[in-house]
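Please open the structure in a viewer and keep the selection tool at hand. The tour below proceeds stop by stop, stating what to select and what is found there.

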Amino acid sequence: MERHTIEPRPGWQQTVEAQGLIYPLTRYPDDSLRPYWDESAYYEFTLPEVEALEEVVEELHGMCLAAAAHIVEHDRFADLGIDDPRLAALVAESWRRRDELPSLYGRFDLHYDGTGPAKMLEYNADTPTSLVEAASPQWFWMEERFPGADQWNSLHERLVAAWKRQAPLLPPGAPLHFAHSAGDELGEDLMTVAYLEETAQQAGLETVAVSMEDIGWDRLSGRFVDQRLRFMRACFKLYPWEWLATDDFGGYVLDTLDNGGGTGSTLWIEPAWKMLLSNKALLAVLWELYPGHPNLLPAYLDGPRELAHTRGYAAKPLLGREGAGVTLHEPGAAPVPRGPEDPCCYQELAPLPDFDGNRVVLGAWVVEDEAAGLGIRESSGPVTDEYARFVPHVIR
């Protein structure tokens with residue numbers, strides 16, 4: 001694994017925008033605009049490195065499914081902050097019926113620098129983003145800059161194939177709605193959903209786009225409807241389950257949840273059981289089940305334990321995103337108390353690999369149950385946040 005600098009292509013911004021990346025720049029606190037898509041550098045991997053990472057990702061995915069089963073079987077929903085018995089019961093039912101529910105993709109964030117085993121930092125299996133840039137502009141960049149090279153990237157083909165395989169699980173005769181929040185100022189959620197809708201269309205599915213804010217509730221029929229008052233039988237949503245289940249219409253979501261038994265009216269994708277994988281409490285459950293595993297970092301829910309004195313720790317909110325709320329604590333630092341209203345997971349501190357001042361994290365994609373591609377983000381600070389840059393890669 002090596003980082004190389006390279007001259008960006010002339011007109012790179014217009015090129016990637018035409019390929020669906022309409023948010024190639026990031027606005028910083030000083031009001032300056034800097035590249036989010038950064039092709040002034042790229043990472044180069046060997047094929048054995050990529051093959052080893054693929055094996056790690058699929059093993060970690062299987063371990064996460066086993067951890068989800070453990071949470072359900074031992075009724076550990078309180079550890080995830082799921083204290084509503086009704087929601088917990090529906091998530092458990094969703095897990096037991098998972099073979100009847102469409103489930104598409106997820107993204108592992110990995111600590112890796114090419115010199116040791118990859119370490120799992122977290123798993124976003126409910127609302128992962130940075131998909132568009134990983135699947136499309138990155139591939140076209142490689143074809144233009146390195147003709148004949150290769151890349152860890154079968155995302156598009158696998159997504160289309162996944163929709164084809166899962167089409168029989170969708171309600172017959174009904175279009176598949178694709179929803180995102182209209183409050184997405186950058187357009188990232190919009191383009192992620194639009195891209196996934198395109199892959200569904202290529203798989204032969206009838207689709208309808210809608211914003212979450214435009215979804216209505218028909219009181220007479222007791223169903224969700226779109227802007228044209230069509231019943232929403234199935235919907236892919238780029239909207240976290242913890243919001244969907246608890247906002248103003250959350251009660252209706254639970255009342256009409258189709259968990260594969262045919263008793264409800266709306267089938268949501270990703271399904272409710274994905275709440276088990278996107279919660280940082282999963283990290284602690286994994287360490288309980290697989291202590292000492294080479295691809296895991298020690299993690300706990302009741303405090304940093306020995307980490308406070310040995311390697312240090314990262315305190316991660318159970319439902320945080322884009323690094324929000326993450327605090328880093330060096331060994332020997334006084335633990336920062338957190339109350340029950342602010343639950344978090346305490347994970348061993350693993351400083352991100354530093355390549356010439358750039359802190360890197362690998363985003364390894366899973367489609368259904370198989371490793372499908374790689375996206376790399378760099379940051380200047382120790383936490384990958386909303387200012388991190390996307391950098392392409394090739395296989396040597």
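Select Phe-224 to begin; in this predicted model, Phe-224 is buried, at 4% relative accessibility. Its place is in strand S10, which covers residues 223-225. Now display the surroundings of Phe-224. Leaving aside neighbours within four places in sequence, its contacts include the aromatic residues Trp-217, Phe-231, Phe-249, Tyr-252 and Trp-268. Ile-215, Gly-216, Arg-230, Met-232, Val-253, Thr-256 and Thr-266 are also in contact with Phe-224. To follow one of these contacts, draw a line from Phe-224 to Phe-249: the two are 25 residues apart in sequence, and their C-alpha atoms are 9.8 Å apart in space.

Next, select Ser-265, in the loop between helix H9 (250-255) and strand S12 (267-269). Is Ser-265 buried or exposed? Its relative accessible area is 10%, and Ser-265 is therefore counted as buried. Residues up to four places away in sequence not being counted, Ser-265 touches Gly-222, Arg-223, Met-232, Arg-233, Thr-256 and Asp-258. Two of these names, Met-232 and Thr-256, will be recognised from the first stop, where they are in contact with Phe-224.

Move along the chain to the peptide bond that runs from Ile-269 to Glu-270. This bond is cis, with omega near 5°. Most peptide bonds are trans. Glu-270 itself lies in the loop between S12 and H10.

Continue to helix H10, residues 281-289. How many of the residues of H10 are buried? The helix is mostly covered, with 7 of its 9 residues buried. To see them, select Ala-281, Leu-282, Leu-283, Ala-284, Val-285, Leu-286 and Trp-287. The elements that cover these buried residues include H2, together with strands S6 (119-124), S13 (299-300), S14 (313-317) and S16 (344-348).

Add helix H2, residues 47-73, to the selection. Two packed helices are described by the angle between their axes and the distance between the axes. For H2 and H10 the angle is about 95°, and the axes are 10 Å apart. H2 is therefore roughly perpendicular to H10. On the H2 side, the residues that meet H10 are Met-63, Cys-64, Ala-66, Ala-67, His-70 and Ile-71. On the H10 side, the partners are Leu-282, Val-285, Leu-286 and Leu-289. Colouring this contact by residue type shows 9 nonpolar residues, 1 polar residue and no charged ones. An α-helix has 3.6 residues a turn, so residues three or four places apart point the same way.

Then select Trp-152, in the loop between helix H5 (137-145) and helix H6 (155-166). Trp-152 counts as buried, at 4% relative accessibility. Beyond residues up to four places away in sequence, Trp-152 touches Val-50, Leu-53, Glu-54 and Val-57, among others. Further contacts of Trp-152 include Ala-364, Ala-371, Ala-372, Gly-373, Leu-374, His-393 and Ile-395. For a distance to draw, take Trp-152 and Leu-131: they are 21 residues apart along the chain, and their C-alpha atoms are separated by 13 Å.

Turn now to an open space in the model, the second largest pocket. Which residues lie nearest the centre of this pocket? Select Leu-80, Gly-81, Ile-82, Glu-242 and Leu-319, which hold that position among the 21 residues of the lining. The pocket contains about 350 Å³ of space. Its lining divides into 9 nonpolar, 5 polar and 7 charged residues.

Two loop residues call for a look at the backbone. Most residues other than glycine have a negative phi. Asp-31, in the loop between strand S2 (25-27) and strand S3 (33-35), has a positive phi near 75°. At 52% relative accessibility, Asp-31 counts as exposed. Arg-305, in the loop between S13 and S14, likewise has a positive phi, of about 50°. Arg-305 is partly exposed, with a relative accessible area of 48%.

For the last stop, select Thr-15 in helix H1, residues 12-18. Thr-15 counts as partly exposed, at 25% relative accessibility. A line drawn from Thr-15 to Leu-169, 154 residues away along the chain, spans 37 Å between C-alpha atoms.

How values were computed: Residues are numbered from 1 along each chain as its sequence is written. This is a predicted model: local features need pLDDT of at least 70, side-chain atom pairs count only at pLDDT 80 or more; totals for chains, interfaces and linings use all residues. Side-chain values use heavy atoms; hydrogens and water are left out. Axes are lines fitted to C-alpha atoms, for helices over the stretch in contact, and angles run from 0 to 180 degrees between N-to-C directions. Helices (H or I, at least four residues) and strands (E, at least two) are DSSP runs, numbered from the N terminus. Angles under 35 degrees count as roughly parallel, over 145 as roughly antiparallel, 65 to 115 as roughly perpendicular and the rest as oblique. Contact means heavy atoms within 4.5 Å. Ala, Val, Leu, Ile, Met, Phe, Trp, Tyr, Cys and Pro count as nonpolar, Asp, Glu, Lys and Arg as charged, and the others, Gly among them, as polar. On a 1 Å grid over the protein atoms alone, a cavity is a set of points where a 1.4 Å probe fits but cannot get out, and a pocket is an open set with protein on both sides within 12 Å along at least five of seven lines; lining residues have an atom within 4 Å of a point. Grid points are joined across faces, edges and corners, and a volume is the space filled by probe spheres set on the points. Buried means under 20% relative accessible area, exposed over 50%, partly exposed in between (1.4 Å probe, protein chains only).
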